[in-house]
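Reader: Show me how to read a helix and a few backbone angles in a model. Keep it brisk.

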Amino acid sequence: MPTKKETAQTGPVTANQVAQLAGVSRAAVSRSFTPGASVSAETRRKVMAAADTLGYQVNHLARGLISSQSGLVAIIAAEIETPFRAALLSSLAQKLQTAGKTPVLIATENSDESVRNALRQATSYRTEAAIILSGMPDTALTEMCLRHGMRLVLINRDDAQPGTLQIRLNDHAAGKVAFNTLMRTGCKRPALVSSNAGTPSLVSRIEGFEDAAKDHGTEVFKMIRGETSYDTGLQIGTDLFAQDVRPDGVFCVTDLLACGLMDAARCRFSLNVPNDVAVIGYDNIPQSGWESYDLTTFSQPIDEINEAAINWLSSPPDVATENEIIELEAPLIWRGTIRKAATT
């Protein structure tokens, strides 16, 4: 068989050239590169040897244009620089690649209009599916995507759309657990801290906390402002702990807010966490486990979220028009920012 040097050429190598070198048909080359296709071991060996000699690579995009299965999966997300979102995207991209898909990240603003534009961009590239982590496209655009054979996965969205997979967490229950945990560990003046993002997941955590407080007959001091960031938590913490009557237990709806608030308590007011103020966060970002924070928080099940999305995308489309919903729990990870519960 000729060497790579002897067969060197300009321009891309074609399947016909591989077939000619291997002494097989063009169809045999196609089957050799198609998982599960019927082809003898000897034929596949000849094809792979010829492909290696010529430096041949399968054009998956061209295949997708023919079969409408490009293997491209758009990941549409905002705030990709935040620790939780970065961890989720990293895991999701790796799992998609393992499943034979090619992830395409489209960064958006945290708005419905931005997501609509992202979906239009995805359909123009024959993307076979989209995983949406922020914003929410309207029903008409969703229907257009489905008509084009595009499958949609909605993560941490409460908006049900026909023909889609909706993966969400029981954030309302987590909010209740946060309040009850603060109360049972001796807190008397609970506070709730959130950003102005207003996403369904954040709103659900807030409502769960407030519902539990209402059932308990306890007034909650609530402070909602700014972006979902460390700096916002630092500023809110500064304002909270400067008051004459300061809270002794705080539920921050994200870990970034909690880390900022804790630094305000300790560095600006010399307060001890948890003796002076207990803190609970949400997300279980890597920083929450750092020794300087040791933050009690709810852990988003990233692996379960991503596996549910990929299993659904890898299975044949359901003829049913109703959306499928998967609800997961976020367990409380107990660390050092909460006092031990009182014993009776």
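Author: This is a predicted model. Start with packing: the buried residues of helix 5 pack against strand 1 (72–77), strand 2 (102–107), strand 3 (129–132), helix 11 (255–269), strand 9 (278–283) and helix 12 (302–314).

Reader: Which residues of helix 5 are buried?

Author: A general idea helps. An α-helix has 3.6 residues a turn, so residues three or four places apart point the same way. In helix 5 the buried set is Pro83, Phe84, Arg85, Leu88, Leu89, Ser91, Leu92, Ala93 and Leu96.

Reader: What span should the 16 residues of helix 5 have?

Author: Count 1.5 Å a residue; residues 83–98 should then span 22 Å. The end C-alpha atoms of helix 5 are 23 Å apart, which agrees.

Reader: What follows helix 5?

Author: Glycine 100 does, with a positive phi near 85°.

Reader: Which residues other than glycine have a positive phi?

Author: Among them are aspartate 283, with phi about 130°, and asparagine 284, with phi near 60°. Aspartate 283 lies in strand 9. Asparagine 284 lies in the loop between strand 9 and strand 10 (296–299).

Reader: Are aspartate 283 and asparagine 284 buried or partly exposed?

Author: Apply the cut-off: buried means under 20% relative accessible area. Aspartate 283 has 10% relative accessibility, so aspartate 283 counts as buried. Asparagine 284 has 24%, so asparagine 284 counts as partly exposed.

Reader: Where is the cis peptide bond of proline 274?

Author: Read omega here. The bond runs from valine 273 to proline 274, with omega near 20°. Proline 274 sits in the loop between helix 11 and strand 9.

Conventions:
Residues numbered from 1 in each chain as written. Predicted model: local features only at pLDDT ≥ 70, side-chain atom pairs only at ≥ 80, totals over all residues. Heavy atoms only, no water. Helix = DSSP H or I, 4+ residues; strand = E, 2+ residues; numbered from the N terminus. Expected span 1.5 Å × (residues − 1). Buried < 20%, exposed > 50% of the residue type's maximum accessible area, 1.4 Å probe, protein only. Contact = heavy atoms within 4.5 Å.
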